[in-house]
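These entries record what I looked up, in the order in which I took up each topic. I began with a pocket and then turned to the packing of helices.

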Amino acid sequence: MQVKAYGIRLQVMTVDQVETVRQWRNDPEVSRFMVDRNHITREMQASWFAKVSSDPSQAHFMIMFRGKGIGLAYLKALGRPSLEEASIIEPGFYLAPGRYRGTAFAFAPAFALNDYCFEKLGAKELRAKVLADNGAALRFNESLGYVRAGRDQKGLEVQSLLPEQYYPVREKLARFLRFTDIQQKGKNNL
Amino acid sequence: MNNNDRLHRAFVDGLAVDPGLITDELEYNSIPNWDSAAHMVLIVELEKGFDVMLDTDDIIDMSSVKKAREILAKYGVDFP
């Protein structure tokens, strides 16, 4: 299964990508924004992948751009055993260290994930969980229409996004970045 | 307002920073304000300010004030 939108492709993560993802995840540029910042060994990563790849309440995707993996995205069903049954889904992603981080390009995987949740999986609400001191992620989510909804038991900031909050933002931002144009140009490279 | 002023204004508005911070040396990661959301606003401000439609790669590569001058020059924007 894969999602093509906004010039990128979300491709279900495969076992041959496990080590690449581990290296990204261990890079301080990425790990400093994670709840668990401990170094992840090959064994830990293999164990994690074996667990999540057979769990219907989760999905992990490689974010592909021009044929190359540039980040990892995930979805988690909240309160239901599968993504298809969930009315509330937690989406998240990070871009690999390098060229794309910190740029407006981050809106492409965010829009692709949100569209997939609302339009294909039928989610009624998205919830993001972010470290309270990760101002960039909080601001990014707010620019997507998320509103703050308190903190969870771990002290993570919870943000909520409803379709009526998301679509006006998507319309406004996609117009400026001409994602349709990006999509057309990227077709040959997907 | 000349093009240098427009560029300066776009960065001030886009990154929501003090005008004194905007120098050619200002680049991504040098200030906390420069994140993905701010970068989107910056791109919007640059496109509006200079009436251009930036290419995907140019959007991604817009990583400093100096680089912004170089990229905008490709679109026919002169900086005296």
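**Entry 1: the second largest pocket.** How many nonpolar, polar and charged residues are there in the lining of the second largest pocket? I note beforehand that this is a predicted model. By class, I found 11 nonpolar, 3 polar and 2 charged residues in that lining.

I then looked up the volume, and the second largest pocket holds about 230 Å³ of space. Its lining consists of 16 residues. Those nearest the centre of the pocket are A:Val12, A:Asp55, A:Gln58, A:Ala59 and A:His60. I also asked which elements give two or more residues to this lining, and they are helix H3 (42-52) and strand S3 (58-65) of chain A. S3(A) gives the most, with 4 residues.

**Entry 2: H1(A) and H3(A).** Since H3(A) had come up in the pocket lining, I looked up its packing against helix H1 (residues 18-26) of chain A. The two axes come within 10 Å and cross at roughly 115 degrees. The crossing of H1(A) with H3(A) is right-handed. On the side of H1(A), I listed A:Val18, A:Glu19, A:Val21 and A:Arg22. These meet A:Arg42, A:Gln45 and A:Phe49 of H3(A). I recorded the classes of this contact as 3 nonpolar, 1 polar and 3 charged residues.

**Entry 3: H1(B) and H2(B).** I next turned to chain B, where the axes of helix H1 (residues 3-15) and helix H2 (residues 36-50) come within 8 Å. Their crossing angle is roughly 150 degrees. An angle over 145 degrees counts as roughly antiparallel, and I therefore entered H1(B) and H2(B) as roughly antiparallel to each other. The crossing is right-handed. H1(B) brings B:Asn3, B:Arg6, B:Leu7, B:Ala10, B:Phe11, B:Asp13, B:Gly14 and B:Leu15 to the contact. From H2(B) I noted B:Ala38, B:Val41, B:Leu42, B:Glu45, B:Leu46, B:Gly49 and B:Phe50. The residues of this contact divide into 9 nonpolar, 3 polar and 3 charged.

**Entry 4: H1(B) and H4(B).** How do the axes of H1(B) and helix H4 (residues 65-74) of chain B cross, and within what distance do they come? I found that they come within 11 Å and cross at roughly 130 degrees. The two helices are therefore oblique to each other. I entered the crossing of H1(B) and H4(B) as right-handed. The contact involves B:Asn4, B:Leu7 and B:Phe11 of H1(B). Opposite them I listed B:Val65, B:Ala68, B:Arg69 and B:Leu72 of H4(B). By class, the contact of H1(B) with H4(B) comprises 5 nonpolar, 1 polar and 1 charged residue. I also noted that B:Leu7 and B:Phe11 appear in the contacts of H1(B) with both H2(B) and H4(B).

Technical notes
Residues are numbered from 1 along each chain as its sequence is written. Chains are lettered from A and ligands numbered from 1 in the order in which they are written. This is a predicted model: local features need pLDDT of at least 70, side-chain atom pairs count only at pLDDT 80 or more; totals for chains, interfaces and linings use all residues. Side-chain values use heavy atoms; hydrogens and water are left out. Axes are lines fitted to C-alpha atoms, for helices over the stretch in contact, and angles run from 0 to 180 degrees between N-to-C directions. Angles under 35 degrees count as roughly parallel, over 145 as roughly antiparallel, 65 to 115 as roughly perpendicular and the rest as oblique. A crossing is left-handed if the near helix is turned anticlockwise from the far one by less than a right angle, and right-handed if clockwise. Contact means heavy atoms within 4.5 Å. Ala, Val, Leu, Ile, Met, Phe, Trp, Tyr, Cys and Pro count as nonpolar, Asp, Glu, Lys and Arg as charged, and the others, Gly among them, as polar. On a 1 Å grid over the protein atoms alone, a cavity is a set of points where a 1.4 Å probe fits but cannot get out, and a pocket is an open set with protein on both sides within 12 Å along at least five of seven lines; lining residues have an atom within 4 Å of a point. Grid points are joined across faces, edges and corners, and a volume is the space filled by probe spheres set on the points.
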